[in-house]
Amino acid sequence: MFKRLSISVVFGLVLFFAAAPAKAQSGNSGSIEGVVKDASGGVVAGATVEISYAVSGLHREITTESDGSFKFTNVPFNSYHLVVSAGGFASYTQDVEVRAGVPVTVQIALKVGTAVQTVTVEAKDLVENESTFHTDIDRGLFDRLPLESSSSSVSSLVTLAAPGAVADSNGLVHAIGDHAESSFSVDGQPITDQTSKVFSNQIPVDSIQSLEVISGAPPAEFGDKTSLVIKVTTRSGLGQTKPVGSVKASYGSFGSANGGFDVAFGGPKWGNFIAANALNAGRFLDPPEFQVMHAKGNEQNLFDRVDWQLTGADSVHLNAGYTRSWFQNPNSFDAALTGQDQRAQIKTYNIAPTWTHLFSTSTLLNVAFFARHDQFNYYPSANPLADLSETATQQRKLTNLGLRGDLSYVQGIHNVKMGVTFEHTLLTEGFSLGLTDPTINSPCLVANAAGDLLGSRDTSLTDPTQCAGAGLQPNDGTVANAAAAPFIPILGCIDLTRPTPAATDGCATPQSALFGFRGRGDVREIALYLQDTITKGNWSFNVGVRGDLYRGLTKESQIEPRAGISYNIKPSNTVMRVSYARILETPFNENLVVASITGDPFLDAIFGGSSGPIRAGQRNEFHAGLQQAFGRYLVVDGDYLWKYTHNAYDFSDLLNTPIFFPIGWHNSKISGFNARVSVPNFHGVTVLTVMGHASARYFQPQVGGLGTSDGPVFRIDHDQNFQQTTHVQYQPRKRAPWVAFNWRYDSGLVAGAVPFAGDSTTPVDLTGLSADQQIQAGLFCGSVFPTLSTPLVTCDPSLYGSTRLKIPAPGTESDDHNPPRVAPRHLFDASVGDDDLFHGDHYKWSLRLTVINLTNKTALYNFLSTFSGTHFVTPRSYTAELGFHF
């Protein structure tokens, strides 16, 4: 039935796509147009028209044509302050709402008088009467943000600019207590798969005009992964009759070189924007050591947007992009000693055409197709035994094909949008795996310095029956105080350190060899939605309903009501709001096939079985918030949230390799708050502060994916009590040099397997960590610190501590209420620059210097995270950038 329905929907959309070619904007933006006239009705040519939204930093201005007309295109959805000025006339001001792709038309009549040269922002211009908590940021503000990661700059931008975004290593953003439960809407194209740089490639930040980050209850048009919905409006060349663009080159610490260009050109009815850049870095990924080893990488990025207005009612918009990245997997000191040389390559392409048809001044139709493809290849060392503990290869492909259509109707108090999206995701997964550490699955036990029985390194022994003859104890599960996991015969088949497994192991070949997996998956989804934003007086109501039909490795469906109410108390410039959303959270697609395997003897031996296929999650979330403007120069926006999810997602990995896969827990409860404080331009100073707190409690048992687990409530390793970012910019005059500054505080993510004292008298056993891991964690015992040759063995609880972790006091550890955490950290970044060095009119040179981690703080993102391991923040680094603008 679903197959017939899928074919019907696709066929219908294709017919419409072909039959009804689509003056209007698609995606996440609209347009403002009109004619400027004088009091007698004559047109005013050469008048200056400006639109601005002080909170996001957007400001644009154009000049009216000979017929008095003007048009702003590619305008993100928001409220704008419009100002018109012309010689001999008084200035005209008006507030304009852009909430849909339907063009907003304004008729302007100027009166004789004197134009006011200064645009005054009022307190009412700083608040929005909307029920959904969100953050708007335009290129005028984020273009000067000092970004920590050049290889995942979009993630860095979201982390710095959005409340509730928790920073993790390698560009991973944890959204308000959830693991990467965020999605992108790029000019309307939904992207719900992971985009951190160990999974996929991101669009270049040079291609982005503006962002709207929704961290409140999402409207009905958004589904799948919605803790953060990042609406991206890309840059356009439509109406750009004179080409504009820039060429930039930079060089910085770790041998990082970056070069690129962007150009926008076009005419009244067409436009093209192209951005391309290339990066070569000596620290491409975040390494497990503060000292950078084996972390080189490079990336090439190309983005092209084409806009073409076919008729007065029909237009087409095409986004196309290609990115290739290649990088080394950074080494720890342990891995460097073995000569480990693991690398990866990711190729991503995307194409998304959209046709738009304007039926009337109130009704707009979008029909779009999109195709996105990720190909991830992971390569082991040339000598497999040089790989620490395990060696692995991976070849993974993800192809997301889709059709979407939406109809917008704006009339009176109603802003209605209805739509349908069909997605077909093709998954191809393959990997191979072998053991390279003889202690992982050793048949015999040997005592270490602390008296613990660990796996023997004797590779001549392949069966527990041989241990007694060698003076060792058998690792058959009968020894009570064994610290090593019991020997599993079938894993001897993939133990490359013991070339000839025991005859009873049941191996496919007489010699040990890599375990191989190949699998395919097919995921189809249909979503239908209807929503209406009703504005009546001081009230705003957002009501909607969404229906999701998911047919992947499991079958799910759900009706999802969405509702929000806001009220604007205009005398005090206060907006109060509440909202609710029911959401069907679909499983992560990355390695979903292997995660859903049951009955495989090797995988069952590694994980102790399977919890079954991963089912979709069902979430109820509630929000309550307040937005308050204080005069013309300060606005505060806060949001309290509570989320309950049945079938809550997390990620695990295959024996500490980069083969990550999703798992499901019985349920999760997440509560917290997010807030944003904005100071629009005040005598050249702009301030943006975002902050958030989340309590992320997960409840066992494990209900999906490889592995079985049951136990108490725990805090997931992306739980963080508090984080905040404050960004300050100062530019005294428009053509003067500027300075920008970031302060980021993170209270610390939950850490992995950290030894802790169960009471105040029993020595803490530290032999579960290698010497290198102890150094990474900053462990100490009194005045004694570990070295690579002399690790700590045990420590009295009164002397035990860490410089980089927050370890619970003896006897107080609780996985739910007091888990070990990464230590709090303050990081400071700064940029200084001049956008017009030689004060040119048509051609300008720019120069900027950026310093990341000004104080050279040594700190961890995470430690032995079950998902990503251990990673350090970027050491102090410098970058100088020279640009030419035309």
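This report walks through the disulfides, a covered helix, a surface patch and a buried threonine in a predicted model.

## The three disulfides at a glance

Let's start with the cysteines. The structure contains three disulfides. A disulfide is a covalent bond between the sulfur atoms of two cysteines. If you count the bonded cysteines along the chain, the pairing reads 1-2, 3-4, 5-6.

## Cys444 and Cys467

Cys444 pairs with Cys467, and their sulfur atoms sit 1.9 Å apart. This bond ties together distant parts of the chain: Cys444 belongs to strand E24 (residues 444-447), while Cys467 is in the loop between strand E25 (453-455) and strand E26 (473-474), 23 residues apart. The torsion about the S-S bond of Cys444 and Cys467 is about -90°, so this disulfide is left-handed.

How are the two ends covered? Cys444 has a relative accessible area of 1%, which makes this residue buried. Cys467 is buried as well, at 0% relative accessibility.

## Cys493 and Cys507

The disulfide between Cys493 and Cys507 has its sulfur atoms 1.9 Å apart. Both cysteines lie in the loop between E26 and strand E27 (515-536), with their positions 14 residues apart in the numbering. Here the torsion about the S-S bond is about -90°, so the disulfide of Cys493 and Cys507 is left-handed.

Is Cys507 buried or partly exposed? With a relative accessible area of 23%, Cys507 is partly exposed, because buried means under 20%. Its partner Cys493, at 6% relative accessibility, counts as buried.

## Cys781 and Cys795

Cys781 is joined to Cys795 with an S to S distance of 2.1 Å. This link runs between two strands: Cys781 is in E39 (residues 779-781) and Cys795 is in E40 (residues 794-795), 14 residues apart. Which hand does this disulfide have? Its S-S torsion is about 95°, so the bond between Cys781 and Cys795 is right-handed.

Both ends are covered by the protein. Cys781 counts as buried at 14% relative accessibility, and Cys795 is buried at 2%.

## A covered helix

Now for a helix to look at in your viewer. Helix H3 spans residues 153-161, and nine of its nine residues are buried. The buried residues are Ser153, Val154, Ser155, Ser156, Leu157, Val158, Thr159, Leu160 and Ala161.

In general, an α-helix has 3.6 residues a turn, so residues three or four places apart point the same way. In H3, the buried set takes in nine of nine residues.

## A nonpolar patch on the surface

Moving to the outside of the protein, five names are worth highlighting together. Tyr730, Val739, Val832, Leu849 and Tyr878 make up a nonpolar surface patch of about 420 Å².

For a closer look at one member, pick Tyr730, which is part of strand E36 (residues 723-730). Tyr730 has a relative accessible area of 37% and is partly exposed.

## Thr233 and its surroundings

Our last stop is a threonine in strand E14 (residues 228-234), namely Thr233. Thr233 counts as buried, with 2% relative accessibility.

What does Thr233 touch, leaving aside its neighbours within four places in sequence? Thr233 is in contact with Asn28, Ser29, Asn74, Pro76, Asp187, Ile208, Gln209 and Ser210. If you select these residues together with Thr233, you will have the contact set in view.

Methods
Residues numbered from 1 in each chain as written. Predicted model: local features only at pLDDT ≥ 70, side-chain atom pairs only at ≥ 80, totals over all residues. Heavy atoms only, no water. Buried < 20%, exposed > 50% of the residue type's maximum accessible area, 1.4 Å probe, protein only. Helix = DSSP H or I, 4+ residues; strand = E, 2+ residues; numbered from the N terminus. Disulfide = S-S within 2.5 Å. Patch = residues over 30% accessible without salt bridge, like charges linked within 9 Å, V, L, I, M, F, W, Y side chains within 5 Å. Areas by Shrake-Rupley, 256 points an atom, 1.4 Å probe, with all protein chains shown as cover. Salt bridge = Lys/Arg side-chain N within 4 Å of Asp/Glu carboxyl O. Contact = heavy atoms within 4.5 Å.
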